[in-house]
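Trainee: Walk me through this one, please. I want every term tied to its cut-off.

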Amino acid sequence: MITPESLAARFSVPGLRFDTGPGGLVRAVVDTPLTSGEIFLQGAHVTAWNPAGECAVLWMSSASYFERGKPIRGGVPICFPWFGPHPSNSSEPAHGRARITPWNLTAAFPINEGGVGLELENTFDPFQVKFRVEFGHDLQMSLQVTLSKFAMQPEKFEAALHTYFSVSEIAQVEITGLETSAYIDKVGEITRKPATGKAIRFESETDRVYLNTTADCILTDPLKHRKITVSKTGSDATVIWNPWIDKSVRMPDFGNDEWPGMLCIETANVSDNAIELQPGQTHVMSAQIRVDSLTD
Ligand code: TA6
């Protein structure tokens with residue numbers, strides 16, 4: 001049985017402790033002069049990260065489940081080995097099994113001047129998966145996927161770091177970086193649309209899969225006097241989502257009035273950009289999140 005005590009006995013790093021969070025789910029908590037954060041073993045799910053002096057960067061729903069086998073709403077859900085509904089079996093969970101399964105903590109270590117890094121591992125046959133997170137002045141995450149060398153054939157997977165960001169007011173923010181990317185619009189009938197040539201602003205439900213893009217995304221939030229840069233490697237798709245009013249009401253683990261305070265910028269390989277591995281081959285997708293003050 002994995003308990004906070006058994007983890008504390010194995011992993012001793014300045015600024016790192018373990019406790020039992022809501023729903024009895026075990027989590028690691030980081031608190032140093034440089035940064036704070038938390039990650040649940042279930043789903044290897046980052047639920048908080050704040051560089052020193054910054055208000056909450058990641059968004060969490062006040063209505064989130066914290067139950068074994070149910071996804072946590074907010075932070076950084078890991079969608080793997082498929083994205084969205086299972087392609088052929090509706091009884092499978094949306095966004096794959098990774099985010100609702102306990103992961104094994106395999107390493108914890110200090111980074112730079114007061115950060116903390118953790119590595120977690122899991123197996124979703126025929127894939128072995130490692131998730132590495134570094135809580136520091138920036139938030140760095142990487143998802144390493146290896147197809148078992150005993151696999152009998154190449155296998156495809158989809159993955160997303162489904163990051164929820166806290167924003168001042170959805171109508172007051174914009175996202176730049178995707179102006180030249182075509183996208184799949186998932187609101188209503190799923191359609192492929194050309195690049196808009198413009199920054200993304202939110203006026204209604206928005207659910208877009210931008211394809212063939214390695215671009216940084218910049219979320220500018222004037223009322224919070226900050227911009228958040230999401231950089232990535234090993235990712236060719238970016239998903240942008242805000243549920244707006246009606247979809248929020250349909251989600252029991254999402255407060256009806258929470259939609260103006262959040263949006264998702266998801267570092268992904270999905271749809272046309274799904275990854276195919278040969279037996280024994282490894283792929284790494286990473287995301288780096290940085291917060292800068294807006295000079296007035
Ligand atoms: O990434 C956007 C999306 O695929 C939306 O379609 C919406 O379903 C969202 O993910 C949340 O999915 P979840 O299964 O966590 O409710």
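Mentor: Start at the ligand. One of its oxygen atoms is 2.8 Å from an N or O atom in the side chain of Glu 266.

Trainee: What makes that pair with Glu 266 a polar contact?

Mentor: A polar contact is a pair of N or O atoms within 3.5 Å; within protein, one must be able to donate a hydrogen and the other to accept it, and residues adjacent in sequence count only if both atoms are side-chain atoms. The Glu 266 pair is at 2.8 Å, so it qualifies. Arg 73 has a polar side-chain atom 2.8 Å from a ligand oxygen. For Lys 186 the distance is 3.2 Å, again to an oxygen atom of the ligand. Taken alone, the ligand exposes 390 Å², and the protein buries 85% of that (Shrake-Rupley areas, 1.4 Å probe; for residues, only the protein chains shown count as cover).

Trainee: How far can I push these numbers?

Mentor: This is a predicted model, where local features need pLDDT of at least 70 and side-chain atom pairs pLDDT 80 or more, while totals for chains, interfaces and linings use all residues. Residues are numbered from 1 along each chain as its sequence is written, and side-chain values use heavy atoms, without hydrogens or water.

Trainee: Which residues are around the ligand?

Mentor: The criterion is a heavy atom within 4 Å. Among those that meet it are Phe 83, Ala 94, Arg 99, Asp 207 and Val 239. By class, the shell has 4 nonpolar, 2 polar and 6 charged residues. Ala, Val, Leu, Ile, Met, Phe, Trp, Tyr, Cys and Pro count as nonpolar, Asp, Glu, Lys and Arg as charged, and the others, Gly among them, as polar.

Trainee: How do you know which space the ligand takes?

Mentor: A molecule sits in a cavity or pocket if more than half of its atoms lie within 2 Å of its grid points. The ligand takes the space of the largest pocket. That pocket has a volume of about 380 Å³. Of its 20 lining residues, the closest to the centre are Arg 73, His 95, His 162, Trp 241 and Lys 247. Strands S11 (159-166) and S18 (237-242) each give two or more lining residues. Strands here are DSSP E runs of at least two residues, and helices H or I runs of at least four, numbered from the N terminus.

Trainee: Why is one space called a pocket and another a cavity?

Mentor: Both come from a 1 Å grid over the protein atoms alone. In a cavity a 1.4 Å probe fits but cannot get out; a pocket is an open set with protein on both sides within 12 Å along at least five of seven lines. Lining residues have an atom within 4 Å of a point. Points join across faces, edges and corners, and the volume is the space filled by probe spheres set on them.

Trainee: How many cavities of 30 Å³ or more does the structure hold?

Mentor: It holds 1. Its volume is about 30 Å³. The lining includes Leu 143, Phe 157 and His 283, with 5 nonpolar, 2 polar and no charged residues.

Trainee: What makes the backbone of His 95 stand out?

Mentor: Most residues other than glycine have a negative phi, and most peptide bonds are trans. His 95 is not a glycine, yet its phi is positive, about 65°. It lies in the loop between S5 and S6. A cis peptide bond joins Phe 80 and Pro 81, with omega about 0°. The bond from Asp 125 to Pro 126 is also cis, with omega near 5°.
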